[in-house]
Amino acid sequence: MTGFSLTHVHLSCFVASYAVALLLELSRLVLRSPARILGTLGFTAAGILAQTIYIALRTSSSPDQAPPLSGWFDWLLLVAWGVAVAYLISSLRRPQAAYGVFMLPLVLTLIAVASLFRHAEPFPRDQALYVWGMVHGLALMLGSVVVMLGFIAGVMYLVQSSRLKRKLPPQRGLKLPSLEWLQQATRRALLFSSGLLAAGLLAGVVLNLLQRQARMPWTDPVVWTSGILFVWLSVVLVFESLYKPAAQGRKVAYLTLASFVFLALVLGMVLLGPSRHASPPSNALSPPASGLADHSPRGETT
């Protein structure tokens with residue numbers, strides 16, 4: 001794969017795939033066929049794969065090259081990639097919904113705007129480290145918050161379900177939302193926590209490349225436990241998508257409780273374990289030109 005050059009033809013590969021997927025989505029007005037749905041999903045997946053390879057080829061950590069993923073071109077491509085992934089997931093969950101009519105034009109527009117900045121100067125390395133450090137920390141923090149909110153919704157679902165099963169009247173002053181609302185809340189918590197955690201882990205990989213480290217610190221307890229949490233949330237999300245809705249509520253509620261246990265394990269590793277994430281910063285980066293300070297210790301990645 002390293003033999004490929006970063007030329008316009010590679011950009012055209014995923015642009016063409018997304019364009020064909022959009023045409024197939026628009027054809028739903030006159031063509032109602034399972035083949036159209038499969039074609040749309042297939043071309044979208046092919047575009048995401050090609051775009052992933054293209055972005056990966058730009059992450060060279062050679063000192064002779066610009067910092068990886070540290071310019072407007074890269075940032076806009078990543079945003080477009082995220083929208084495309086969100087569209088694919090949404091279409092897999094509800095293939096009859098016309099998500100692509102609205103989301104795929106946004107993907108193509110972002111790529112078109114990115115191409116205008118293709119030859120623009122990248123951000124200075126200290127600013128790139130600061131921005132990716134902020135993305136890394138905020139994404140993991142928000143992902144943790146969403147996992148906790150899912151845990152609360154799961155507990156409330158089990159309490160409400162138990163009350164209804166026993167046919168007990170609601171306790172005065174302790175009115176809970178409906179089971180339908182709580183089930184939707186747990187589903188959204190699983191979806192958003194998985195996405196935020198994935199973004200945090202990706203930002204950690206980019207930070208590692210920016211800091212010119214030879215290899216990823218996979219032996220760091222926080223890194224591998226965060227990876228396990230992400231895999232767990234992804235598996236739970238797939239389970240929630242494929243399981244029969246009638247038998248889904250309580251099982252998904254229990255899974256959100258288990259997700260909270262995984263999160264507690266990761267936080268315990270951060271606070272108590274032998275991890276670089278738990279050590280105080282010894283040589284913090286100097287503030288970038290904008291005057292903002294970088295609060296991430298050198299070498300901190302997930």
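The largest cavity in this predicted model holds about 60 Å³ of space. Three cavities reach 30 Å³ or more. The residues that line the largest cavity are Glu-25, Arg-28, Arg-36, Ile-37, Thr-40, Leu-41, Tyr-87, Ser-91, Pro-95 and Ala-97. Helix 2 (34–57) and helix 3 (72–93) each contribute at least two residues to this lining. The greatest share comes from helix 2, which supplies four residues.

The largest pocket encloses about 1,300 Å³ of space. Its lining comprises 40 residues, of which Trp-81, Gly-82, Val-85, Gly-195 and Ala-198 are the closest to the pocket centre. Five helices each provide at least two lining residues: helix 2, helix 3, helix 5 (125–165), helix 6 (179–210) and helix 7. Helix 3 gives the most to the lining of the largest pocket, with 12 residues. Helix 2 and helix 3 thus appear in the lining of the largest cavity as well as in that of the largest pocket.

Confidence was examined next. The mean pLDDT of the chain is 76, with 75% of the residues at 70 or more. Among the elements of the chain, the highest mean pLDDT, 93, belongs to helix 4 (residues 100–116), and the lowest, 72, to helix 7 (residues 221–242). The pLDDT falls below 50 over residues 280–287, a stretch with nine contacts in the model beyond near neighbours in sequence. Residues 289–302 also stay under 50, and for this stretch the model has 41 contacts beyond four places in sequence. Helix 7, the element with the lowest mean pLDDT, is also one of the helices that line the largest pocket.

Helix 4 was considered in more detail. At 1.5 Å a residue, its 17 residues should span 24 Å, and the end C-alpha atoms of helix 4 do lie 24 Å apart, so the expected and modelled lengths agree. The buried residues of helix 4 are Gly-100, Met-103, Leu-104, Val-107, Leu-110, Ile-111 and Ala-114. These residues lie on the same side of helix 4, because they cover an arc of only 120° around the axis. An α-helix has 3.6 residues a turn, so positions three or four places apart point the same way. The face of helix 4 turned away from the buried side carries two exposed residues, Phe-102 and Leu-116.

Methods
Residues numbered from 1 in each chain as written. Predicted model: local features only at pLDDT ≥ 70, side-chain atom pairs only at ≥ 80, totals over all residues. Heavy atoms only, no water. pLDDT = per-residue confidence, 0-100. Contact = heavy atoms within 4.5 Å. Expected span 1.5 Å × (residues − 1). Buried < 20%, exposed > 50% of the residue type's maximum accessible area, 1.4 Å probe, protein only. Arc of directions from axis to C-beta. 1 Å grid on protein atoms, 1.4 Å probe; cavity = no way out; pocket = protein on both sides within 12 Å on 5 of 7 lines; lining within 4 Å. Points joined across faces, edges and corners; volume = space filled by probe spheres on them.
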